[in-house]
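User: Please take a close look at one part of this model, a helix-helix contact between two chains, and then set it beside the domain arrangement of the chain concerned. A connected account would be preferred.

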Amino acid sequence: MEGFERLSSVNYETVRTTCTYCGCGCGLLLEVLDGVVIGTLPQKDHPINQGGACIKGWNAHEFIYNEGRLKKPLVRRDGSFEEVSWEEAVEEVATRLKKIKEESGPDSIAGLTSARCTNEENYIFQKWMRAVIGTNNVDHCARL
Amino acid sequence: MLEEKEVSAILALRRNSGHPTPFLFTKAEDLKDCVADEANRYPLTKILIKIAKKHPNETIGIVVRGCEERSLIELLKNFQLRQGKVKAIGIACSQELANQCRCNRPFPSQVEESDLAKPVEDFTDIDEIEKLSEEERFQYWMGQFGKCIKCYGCRNICPACFCPTCTLEDANLVKPGGMPPEIPIFHLHKAYHMADRCIDCGLCEEACPMGIPVRRLYRKVKKSVKDLFGYVPGEKEEEKGPLEFLGDGGYELPGAGK
Amino acid sequence: MCSGRISPHFILKAFQEGADGVLVAGCHIGECHYGKGNFITAKRVAVMKDLIQFIGISPKRLRLEWIATSEGNKFAKVVTDFTEEIAQLGPSFLRPKKVAKFDTGKKKEGFLEARR
């Protein structure tokens with residue numbers, strides 16, 4: 001028993017999740033090594049994909065650590081982006097959207113989200129567009 | 001069932017809300033969730049390469065079936081894993097599993113206990129193709145390869161595929177873009193590259209979302225290598241694959257000019 | 001350059017581009033200018049022949065010959081024989097079906113397009 005209990009700093013596990021890209025919803029396993037996502041494997045026993053995945057599914061982990069991702073909320077002021085706090089950003093968005101909705105009606109607003117958000121985030125987004133803004137104009141880059 | 005050895009962790013399948021998923025066990029009490037005989041297989045040896053690369057000084061145990069042990073031997077031969085840093089814990093597959101996988105050796109060389117399943121020697125899938133005429137064969141294979149969606153699943157999941165720069169992604173050898181990719185060479189490139197490394201685990205065919213019978217192709221190449229050079233991958237640790245070294249005339253050279 | 005430099009992937013690429021035949025020529029066994037290069041060529045071509053035969057491309061389309069630098073006549077004979085053999089076998093199934101006589105800028109129709 002002793003050898004095994006020797007404290008190791010290695011941590012590897014696989015997390016079951018659903019692919020965020022197209023509407024198929026293939027089951028994937030994200031490989032996490034020491035807290036960093038390093039790869040994807042399709043779930044063998046998932047009823048939809050049964051161990052297969054398309055090329056987007058196999059690389060579903062790649063966007064997580066992409067350098068192009070935003071780290072702080074940005075607001076465009078005087079032609080350039082400024083970092084602001086979350087409260088300020090939410091306040092700005094809410095005020096302006098409210099104004100547009102009053103002046104031009106809810107259907108003048110469209111919501112565009114991304115397949116690289118989690119399925120849950122996209123659900124909240126479309127629910128918010130429909131229930132709060134009051135429009136059906138919602139889409140994302142891979143609604144296929 | 002598992003003997004505790006001097007390892008930092010053991011890589012095996014773990015029951016995760018009813019689903020077997022690869023996991024690295026670091027605590028003895030977690031081992032009760034470990035699943036052994038399971039029809040859903042994952043390329044554990046390939047995962048081991050990734051872990052070992054990041055933690056080269058740790059010794060890691062891995063639960064292996066027959067096919068995974070062959071893969072382990074091949075990877076050790078090709079210097080993807082270090083000899084003293086991997087400890088294999090063998091388990092045998094059930095007869096049902098052996099029949100399903102058409103495995104020719106469903107148990108590793110050192111297995112803990114339990115009855116050993118009978119190996120399945122079945123070449124009917126290759127013979128079926130060899131009975132067809134040349135044109136029929138070509139039509140059959142082009143029809144099958146034409147289904148390919150270039151997901152790279154067969155390559156990503158293969159325990160014998162480890163090149164950091166893959167031939168299939170080289171724009172000079174395989175034209176990029178286009179669906180299906182350039183066939184038949186897309187599949188032939190991989191078949192040749194793995195000619196003396198394929199361990200016939202069958203993960204490739206299971207991973208293909210289009211159901212292309214790629215395993216048949218790789219088994220044929222494996223049989224060719226066996227017939228020509230008498231070499232079977234994954235068996236002896238000392239023997240190097242015939243296509244991995246220039247040659248010393250030791251193998252009987254096939255005649256030229258044919 | 002050694003025949004051992006011929007990667008089997010090049011041979012496959014040649015067939016994909018529509019080559020009817022591929023001839024690989026190297027120094028005689030034991031006389032490789034670089035030592036042992038031709039050993040691996042022999043092994044590679046043997047495996048490659050089995051592979052293409054399985055797919056339905058005749059193994060006669062891939063030939064390996066040992067020709068020394070001084071054997072000019074042998075080289076000429078081999079090439080002539082090989083060309084005749086290939087002419088008898090006919091065009092490869094992978095060859096584009098229609099070849100434009102003039103460069104009309106149109107895409108060449110390949111095997112797959114012709115089938116559709």
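**The contact between chains B and C**

Analyst: In this predicted model, B:L188, B:A191 and B:Y192 of helix α7(B) meet C:V47, C:M48, C:L51 and C:I55 of helix α2(C). The residues of this contact between α7(B) and α2(C) divide into seven nonpolar, no polar and no charged. As to geometry, α7 of chain B spans residues 185-193 and α2 of chain C spans residues 37-55. The two helices pack at an angle of about 140°, and their axes lie 11 Å apart. The crossing of α7(B) with α2(C) is right-handed.

The domain arrangement of chain B provides the setting. The domain assignment divides chain B into domain 1, residues 9-101, and domain 2, residues 124-229. Taken over C-alpha atoms, the centres of domain 1 and domain 2 of chain B are separated by 25 Å. To the contact between them, domain 1 of chain B contributes 11 residues and domain 2 of chain B contributes nine residues.

On the side of domain 1 of chain B that touches domain 2 of chain B, helices α1 (44-54) and α2 (66-77) of chain B each supply at least two residues. Helix α2(B) gives the most to that side, with four residues. The composition of this side of domain 1 of chain B is four nonpolar, three polar and four charged residues. For the contact of α7(B) with α2(C), by comparison, the division is seven nonpolar, no polar and no charged.

Notes
Residues numbered from 1 in each chain as written. Chains lettered and ligands numbered in written order. Predicted model: local features only at pLDDT ≥ 70, side-chain atom pairs only at ≥ 80, totals over all residues. Axes fitted to C-alpha atoms, helices over the stretch in contact; angles between N-to-C directions. Left-handed = near helix turned anticlockwise from the far one by under 90°. Contact = placed C-beta atoms within 7 Å. Nonpolar A, V, L, I, M, F, W, Y, C, P; charged D, E, K, R; others polar. Domains from an automatic or database assignment.
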